[in-house]
Structures are given as C-alpha cells and as structure tokens.
Amino acid sequence: MLSHIPFPALPTPPSWFPGHMNRFTKQLPALLSRTDVVLELRDSRLPLTSINHNLEGAIRKWRAERGRPPTGSSKFSDSDPSASMSAPGYGGPICERIVILNKRDLVPEWGIQPFRKAMASRFPDQTVRFASCNNPRDIKSLSEMLVNIAKGNPHATEMNILVVGMPNVGKSTLLNTLRNIGMSGRTPKALQTSAHPGHTRTLSTRLKISEDPLVYSYDSPGVMLPFLGRGERGAERGVKLALIAGIKEGLYDVEGLVAYLLYRLNVLDPVSPAYLKLLPPSTPPTTDVDDFLLQLAQRLSMLQRGGERNTARAAKWFVDWWRNEGGLVSAAAPRISPLAAHYAPDSPQSYRRGWGFDFEWTADESDFGGNGFESAVQRKMEECIDESLRVAAEDERLGSGVSSTQEKKKSWQEKQAKRAAKSKAKLSARKSG
C-alpha cells in the first residue's frame with residue numbers, strides 16, 4: 001500500500017492548434033444558427049479537461065439567441081433512458097445540448113453515479129450521459145433519445161445535430177454507429193476514423209441517422225485549446241490529453257508520459273495498481289519511474305546490445321498497453337474505503353484516491369465511514385468541479401489561456417488595424433479637402 005504518492009515533474013505543454021481547427025472555430029456561430037441539437041463528446045476519463053472552453057461561449061450565445069435560460073432542470077437521465085423527452089420544454093425551436101461521456105468502460109463503475117449527481121448539482125442545464133461506442137445498448141438508448149426529441153417537435157420537417165468535441169474522443173465512430181442503428185438495411189461506414197488526433201479536418205456533409213423522423217448530423221473537426229495554460233496546471237492538462245492520444249503523437253517525450261501515468265495509476269488504486277500485473281509476482285507498488293521501467297524492460301526481455309535494458313522501448317510499450325488493455329484493467333479498480341487495514345499502525349490514516357484522470361482527493365476513515373460511500377464520493381467530486389471552475393475563471397481573468405505568441409500576434413493585428421484606420425482617415429481628409 002502506498003502511503004505517499006509524489007506528483008511528478010511534467011514537461012512544458014506544447015501548442016498544437018492547426019489551421020483547420022482555427023477555421024472551424026470561426027465557422028461555429030454560423031453553423032449553430034442552423035443546428036437544433038449540439039452533441040458534445042468528452043472522454044469519460046477527462047470529463048473536465050476535455051471541456052473545450054472555446055466552444056462554451058458560442059454555445060451559450062446560441063442558447064440565448066433561441067430564448068433558452070442559462071440554467072434549469074436537466075430533462076434527460078442516464079438512469080432512466082426511457083423517460084419522456086418529447087418536448088424541449090420552453091416552446092419555440094429545438095435547442096438542446098447533450099454531453100456524451102464516451103468510453104465509459106475505461107472508468108471505474110463505482111464513481112459513475114456519484115459523478116452524475118455531482119454534475120447535475122453544478123451544471124443543471126446540461127444533459128449528461130455515459131456511453132461506449134462499442135456498446136450497442138448505449139448507442140441505441142442515445143438514438144432513441146434523439147428520435148424522441150425530434151418527434152416532440154412535429155412542426156419541424158427535420159432535425160439537425162452538430163457533433164463537437166476535442167480531438168480523438170470518438171465523434172466519427174459514434175456517428176457511424178448511430179447511423180447503423182437508426183437506418184434500416186445495410187449502412188456502410190460513412191465517416192473515416194483514426195486512432196490519431198486531427199484525422200477529421202473539415203465539416204462533414206449531412207449524414208442521415210434516422211428516416212422517421214428525419215434526423216441529420218454533421219461531424220466536425222476535433223478542436224484543441226489554442227493554449228493549454230502556464231505552469232503546473234497547463235503541464236498536467238497537456239499530459240492528460242497526450243495520454244488519451246488527444247494531441248499529435250511526437251509532441252511529448254514518452255518517458256514524461258510514463259511518469260504521470262504511473263502517478264495516476266497509483267492514485268486510482270494505491271493497493272494494487274494496474275501495472276503490477278506486468279511485473280514479477282509479489283512486486284510492490286512503486287513511485288520510482290526509472291526503477292519501474294528497468295523492471296518492465298527486464299520482464300519484457302527488451303534488451304539492447306550488451307544486455308542493457310531498453311527503457312525507452314519499454315516506456316512506449318507501457319503507454320500503448322495502457323491505451324488498450326491497461327485502461328480496462330485500471331477501470332476494474334475496486335472502491336477502497338476505509339483503508340485502515342492496509343496501513344501499518346504508525347502510518348497516517350489518510351490517503352490519496354481518484355476516479356478517472358480529473359478527480360483526486362485526500363480522504364480518511366471519517367470521510368467515508370458508515371454507509372455513505374456514494375454521497376462522500378459525490379461531495380469530493382463536487383469539490384473538484386468547483387476547483388476546476390475556479391481555476392478556469394482565474395485563467396480567464398489573468399489571460400493564462402493565451403500564450404505569449406498569441407499575445408504578440410494580437411498586438412501586431414491591433415497595430416495593423418490602427419495603421420489602416422489612420423490611412424483611411426487621411427485619405428478621407430484629402431478627398432474632403
């Protein structure tokens with residue numbers, strides 16, 4: 001049992017915001033004007049980090065223009081997918097925002113219900129659902145939800161859905177699956193998918209996903225944040241996105257990713273972290289990255305000339321393992337509460353625990369005593385959400401979401417605009433004189 005899990009040193013986050021992402025961001029307000037439902041995909045492991053704050057402002061403006069209040073009761077429930085969703089509830093045009101947390105099989109089941117309640121308490125205007133694109137039952141439930149929204153508005157001849165989100169969260173895969181479920185007969189794959197971020201570079205043509213009622217959808221490019229932030233917060237945000245392959249491969253040194261992944265797996269399960277199955281039997285949990293990679297390289301027989309262990313190759317293998325099999329193993333981590341039985345008598349009775357990659361807290365027996373485990377986890381998650389919102393507001397106030405390069409570019413553009421205005425004024429004065 002690990003009683004202390006030190007936070008690793010992380011590399012400076014790179015900037016990755018290709019031109020096609022910038023173009024789509026500028027097109028978004030016009031696209032929303034002909035959109036009825038915004039379907040936002042996030043990764044279940046990063047429900048807060050994979051929020052794209054560039055999209056938030058445009059979506060709020062879209063809802064305001066359609067007369068939707070900023071907050072209200074959530075109409076849809078993951079726990080009751082058959083609940084009636086026949087009317088928008090406000091009158092007027094359809095205007096729904098649905099947040100899909102994809103890849104639910106990669107987070108422990110014990111945290112899903114507390115998370116759902118925590119999000120409902122902090123974002124009552126959002127519809128939040130968990131799903132896995134490889135689970136037909138999840139996609140069928142989502143398809144029924146969308147069809148019910150369309151049926152609840154019989155005066156509309158069709159309903160249009162815009163799918164948005166960060167890179168590599170599964171947007172194209174989800175739409176292919178929705179089309180396969182919602183259309184009769186054989187439906188060939190309509191959208192190309194890739195394990196690498198940035199594969200979808202343009203807005204797709206309209207894709208029909210239901211015939212009765214008529215429901216169409218658009219796939220959009222994954223949009224990264226222009227700047228991940230300064231300091232430790234920005235560094236951690238970048239590493240998280242790199243681990244889920246949300247950032248272009250090669251922008252990060254893989255051994256830096258291993259350091260954070262080892263830390264995160266230790267927090268997810270400090271008693272028996274998922275990586276222990278890769279090491280010799282009876283190996284205790286570790287926080288030493290160098291020692292871990294040496295053991296892993298030895299175990300996998302990754303040796304260089306002279307018998308030296310190839311830790312660089314082992315590091316890449318470990319990240320690939322986690323993105324595939326290892327994610328499922330770590331999601332099977334049991335709930336641990338209380339932990340007194342795992343500590344030596346002289347050890348502190350508190351510990352670090354987490355869920356996914358965005359939720360982490362310190363807890364002890366008094367926090368999780370009795371039968372209130374689920375409500376205790378919900379409280380901890382609400383604290384994490386509040387802190388995330390506070391940090392986002394602080395970053396916006398301080399301008400931490402803008403890199404120095406972007407600041408210089410903005411300053412240059414403002415100077416160019418002033419020069420153009422002066423030239424125009426002088427030309428106008430000459431003509432009038």
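Colleague: Which residue meets Glu360 in a salt bridge, and what is the N to O distance?

Modeller: A salt bridge is a side-chain nitrogen of Lys or Arg within 4 Å of a carboxyl oxygen of Asp or Glu. Here the side chain of Glu360 pairs with that of Arg352 at 3.1 Å, N to O. As for the source, this is a predicted model, where local features need pLDDT of at least 70 and side-chain atom pairs count only at pLDDT 80 or more, while totals for chains, interfaces and linings use all residues. Residues are numbered from 1 along each chain as its sequence is written, and side-chain values use heavy atoms, with hydrogens and water left out.

Colleague: Are Glu360 and Arg352 buried or exposed?

Modeller: Buried means under 20% relative accessible area, exposed over 50%, and partly exposed in between (1.4 Å probe, protein chains only). Glu360 is buried because its relative accessible area is 17%. Arg352 counts as partly exposed because its value is 31%.

Colleague: How many salt bridges are there by this rule?

Modeller: The count comes to 18. One of them joins Glu40 to Arg42, with the closest N and O atoms 3.0 Å apart, and both residues are buried. A network of salt bridges links Glu40, Arg42, Glu56 and Arg97.

Colleague: Which helices does the pair Glu382 and Arg122 link?

Modeller: Helices and strands are DSSP runs (H or I, at least four residues, for helices; E, at least two, for strands), numbered from the N terminus. Glu382 and Arg122 form a salt bridge at 3.8 Å, N to O. The pair links distant parts of the chain, with Glu382 in helix α11, Arg122 in helix α3, and their positions 260 residues apart. Glu382 is buried, at 13% relative accessible area, whereas Arg122 is partly exposed, at 30%.

Colleague: What span does helix α11 reach, and what is expected?

Modeller: The expected span of a helix is 1.5 Å times one less than its number of residues. Helix α11 (residues 373-398) has 26 residues and reaches 38 Å from its first C-alpha to its last, close to the expected 38 Å. Its buried residues include Phe373, Met381, Glu382 and Val391. Helix α2 (residues 53-65), with 13 residues, reaches 19 Å, close to the 18 Å expected. Among the buried residues of α2 are Glu56, Trp62 and Arg63.

Colleague: Which residue with a positive phi follows α2?

Modeller: Gly67 follows α2, and its phi is near 75°. Most residues other than glycine have a negative phi, and most peptide bonds are trans. Lys103 is not a glycine, yet has a positive phi of about 65°; Lys103 sits in the loop between β2 (96-102) and α3 (112-122). Ala245 also has a positive phi, near 65°, and lies in the loop between α6 (231-243) and α7 (254-268).

Colleague: Where is the cis peptide bond?

Modeller: The bond from Asp212 to Pro213 is cis, with omega near 0°. Pro213 is in the loop between β5 (207-210) and β6 (215-219).

Colleague: Which residues form the positive surface patch?

Modeller: Patches are made of residues with over 30% relative accessible area and no salt bridge; like charges are joined within 9 Å, and nonpolar side chains (Val, Leu, Ile, Met, Phe, Trp, Tyr) within 5 Å. Lys and Arg count as positive. The positive patch consists of Lys418, Arg419, Lys422, Lys426 and Arg430. Lys426 is in helix α12 (residues 404-432) and is exposed, at 56% relative accessible area.

How values were computed:
Accessible areas come from the Shrake-Rupley method with a 1.4 Å probe; for residues, only the protein chains shown count as cover. The place of a charge is taken as NZ of Lys, CZ of Arg, CG of Asp or CD of Glu.
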